[in-house]
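I opened the file to look up a few local features and wrote down what I found. The entries follow in the order I checked them.

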Amino acid sequence: MQAIILAAGMGRRLGEHTKNNTKCMLPINGVRLIDRTLTQLSQFHINRVVIVVGYQAQNLINYIGHRYDNQLKIEYVENPIYDKTNNIYSLALVKEQLVQDDTILLESDLIYEDGIFDMIVKNPAKNIALVAKWETWMDGTVVKIDEDYNITEFIGKKAFQYENSDSYYKTINIYKFSKDFSKQKYVPFLNAYCKALGNNEYYEQVLRIITFLNSTDVKALPIGDRKWYEIDDIQDKDIAETIFADDDDLLQKFNKRYGGYWRFPKLLDFCYLVNPFFPSQRMKDEMRANFEILLTEYPSGMHVNSLLAGKYFGVSPQNIVVGNGAAELIKSIMGKLNEKIGIICPTFEEYPNRRDTKDIVFFIPENEAYTYTADDLMNFFRDKNIQTLLLINPDNPSGNFIEKKDVFRLIEWTEKRNIRLIVDESFVDFSDNYATNSLIDDTILQKYKHLCVMKSISKSYGVPGLRLGVLASTDKEFVDFVKKDVSIWNINSFAEFYMQIFNKYSEDYYQACRKFITERKMFEKKLNTIPWLTVFPSQANYFFCKVGTPHTSTELTRRLLLEHNILIKDCNNKKNLSGKNYIRIAIRNREDNEKLIGALKMI
């Protein structure tokens with residue numbers, strides 16, 4: 001068997017990374033693509049490797065040099081017009097070699113795990129196209145296959161239908177062709193195709209023609225969960241470096257992304273916190289039906305969005321400001337409060353990270369669960385010189401919750417001491433009495449001007465991609481400052497439309513909250529069956545847990561990601577929790593929660 005590698009292209013979309021080298025010279029986590037490929041090929045009985053070179057050909061030839069002489073016989077064929085042709089021409093240049101032996105044909109901009117070659121070499125089928133179940137990040141040749149793994153259709157970009165995407169597979173550009181197939185079918189069709197349509201085409205088009213003539217010569221071989229990626233641009237490089245990170249670096253690379261995990265569809269995210277049961281399907285359908293106009297029209301400014309938010313929460317529009325997520329509003333208010341602020345620790349660190357630690361007075365509960373009461377806060381801050389007190393209720397990551405009647409005692413206590421009280425109730429709709437626990441109410445806000453209520457719409461409403469949050473207060477100066485501080489179009493049309501239609505689906509939302517509470521109770525019961533895990537009660541959509549022997553929080557987090565593709569929050573990087581083996585686990589739907597329980601039991 002031989003291998004043919006197509007490596008003539010310029011890789012323009014990689015910019016500076018391919019300024020002086022072809023794409024296969026790109027390093028991924030310190031190892032160049034060409035080295036990964038040649039090392040993997042060297043594990044098999046490959047008679048020779050033919051590399052079609054073009055752009056910066058001599059650099060590639062010089063780099064490879066004689067380093068693989070003891071393992072592989074490497075030959076080079078040059079495509080002198082690489083900048084005017086596509087890969088069909090590169091393959092046509094080696095058609096004589098193609099018919100001399102059984103061949104593994106692959107492109108040079110791929111990264112894949114070692115088992116990929118093992119699959120294709122050992123499979124008894126003579127002609128194989130490796131395929132992966134189609135996912136949203138994929139671009140290029142798509143096929144349909146039957147129950148016998150015959151390729152029944154090549155789907156071009158114009159014929160691609162998203163509603164049929166569940167039946168599609170993406171070719172990963174690694175093929176096995178028998179000598180006879182190349183000689184009797186592929187090369188004759190290749191010659192005819194190039195003669196009829198020229199050299200600026202793709203070699204997969206030849207396979208498309210052969211398949212169209214009802215040939216079943218080429219079998220599709222799905223790779224399942226095996227890892228691979230095609231690298232065309234800088235974003236692809238970043239994703240590939242995450243997927244193929246060393247075990248010790250993988251968790252760090254995921255954490256520094258701060259989301260965007262839709263790029264990794266096999267990942268189960270128990271780190272970020274959203275409602276698994278809302279929006280309803282009907283609400284998503286309405287959003288989808290208005291996609292085109294929302295995509296192409298400008299959103300409104302703050303005045304209209306305040307009207308929408310007021311309708312959404314049932315408060316006067318002058319008392320509420322909409323943010324591009326709560327994070328935008330946190331940045332604004334923490335920048336304005338040039339004063340001492342009391343913060344409970346551990347907490348959601350976007351708040352303290354926006355201030356110098358010398359301006360913060362931390363209250364740290366002295367118990368294993370980090371629970372506290374309104375009385376604890378009043379007793380601690382009674383003799384502290386603070387002008388603002390922050391209460392996240394339920395708190396993050398502890399899940400600690402102060403009942404509404406006790407929050408009112410804290411409101412009145414801070415009012416008497418002329419202390420501004422900021423209550424972040426982003427998770428309050430997950431509490432048992434969710435329908436009555438919110439403080440975003442005109443009567444409450446009018447009575448307590450020193451009260452500011454923050455709420456992330458991402459969390460309980462399940463729409464983190466829309467980036468929505470609100471701040472409510474009757475402190476006109478404070479609210480007006482924030483409205484002027486954020487940009488004029490700080491939310492997009494999709495977020496604006498979501499607020500406009502929400503009230504039609506409010507009953508769906510309350511039903512989702514009830515369903516969530518049921519699921520939380522079930523999940524807590526299952527988590528408590530893990531003997532080395534201490535699960536603390538929560539009124540939020542996550543559980544704060546302590547990991548016991550024989551495990552640590554860091555080891556557990558790492559193993560869940562590596563062995564089960566599950567991401568949880570290791571709280572070691574939170575203030576006052578370093579080295580104490582706490583984790584935070586989000587609550588998802590029943591199916592996902594069961595997967596996590598199964599993984600924990602295996603560990």
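Is D232 buried or exposed? I note first that the model is predicted. I looked up the relative accessible area of D232 and found 15%. The cut-off for buried is under 20%, so D232 counts as buried.

Next I looked up where D232 sits in the chain. I found D232 in the loop between β13 (228-230) and α8 (234-243). I then listed its contacts, leaving out residues up to four places away in sequence: D232 touches R13, L14, K23 and D109. With one of these, K23, there is a polar contact from side chain to side chain, at 3.0 Å.

From the loop I went on to α8. I checked how α8 packs against helix α9 (residues 247-255) and got an angle of about 135°, with the axes 8 Å apart. Angles over 145 would count as roughly antiparallel and 65 to 115 as roughly perpendicular, so I entered α8 and α9 as oblique to each other. On the α8 side I listed E241, T242 and I243, which meet L250, K253 and F254 of α9.

I turned to the sheets. One is an open sheet of seven strands, with mixed pairing, and I read its order as β15-β21-β20-β19-β18-β16-β17. Which strands stand at the edges? They are β15 (320-324) and β17 (360-363); each has a single partner strand, so one side of each lacks a neighbour in the sheet. For the twist I noted an average of 20° from one strand to the next.

At the β17 edge I looked at the pairing itself. Strand β16 (residues 341-344) and β17 run parallel and are joined by four bridges. I looked up G342 and found V361 in β17 as its bridge partner. I also checked what lies across these strands: helix α14 (residues 374-381) crosses β16, β17 and β18 (388-392), and runs at about 135° to β17.

My last entry concerns another pair of strands. How many bridges pair strand β4 (residues 49-53) with strand β5 (residues 74-78)? I counted five, in the parallel sense. V50 stands opposite E75 in β5. I then looked up the handedness of the unit made by β4, helix α2 (residues 57-64) and β5, and recorded a right-handed β-α-β unit.

Definitions and conventions:
Residues are numbered from 1 along each chain as its sequence is written. This is a predicted model: local features need pLDDT of at least 70, side-chain atom pairs count only at pLDDT 80 or more; totals for chains, interfaces and linings use all residues. Side-chain values use heavy atoms; hydrogens and water are left out. Helices (H or I, at least four residues) and strands (E, at least two) are DSSP runs, numbered from the N terminus. Buried means under 20% relative accessible area, exposed over 50%, partly exposed in between (1.4 Å probe, protein chains only). A polar contact is a pair of N or O atoms within 3.5 Å; within protein, one must be able to donate a hydrogen and the other to accept it, and residues adjacent in sequence count only if both atoms are side-chain atoms. Contact means heavy atoms within 4.5 Å. Two strands pair if DSSP finds at least two bridges between them. Axes are lines fitted to C-alpha atoms, for helices over the stretch in contact, and angles run from 0 to 180 degrees between N-to-C directions. A crossover is right-handed if, with the strands pointing away from the viewer, the path from the first strand over the helix to the second runs clockwise. Angles under 35 degrees count as roughly parallel, over 145 as roughly antiparallel, 65 to 115 as roughly perpendicular and the rest as oblique.
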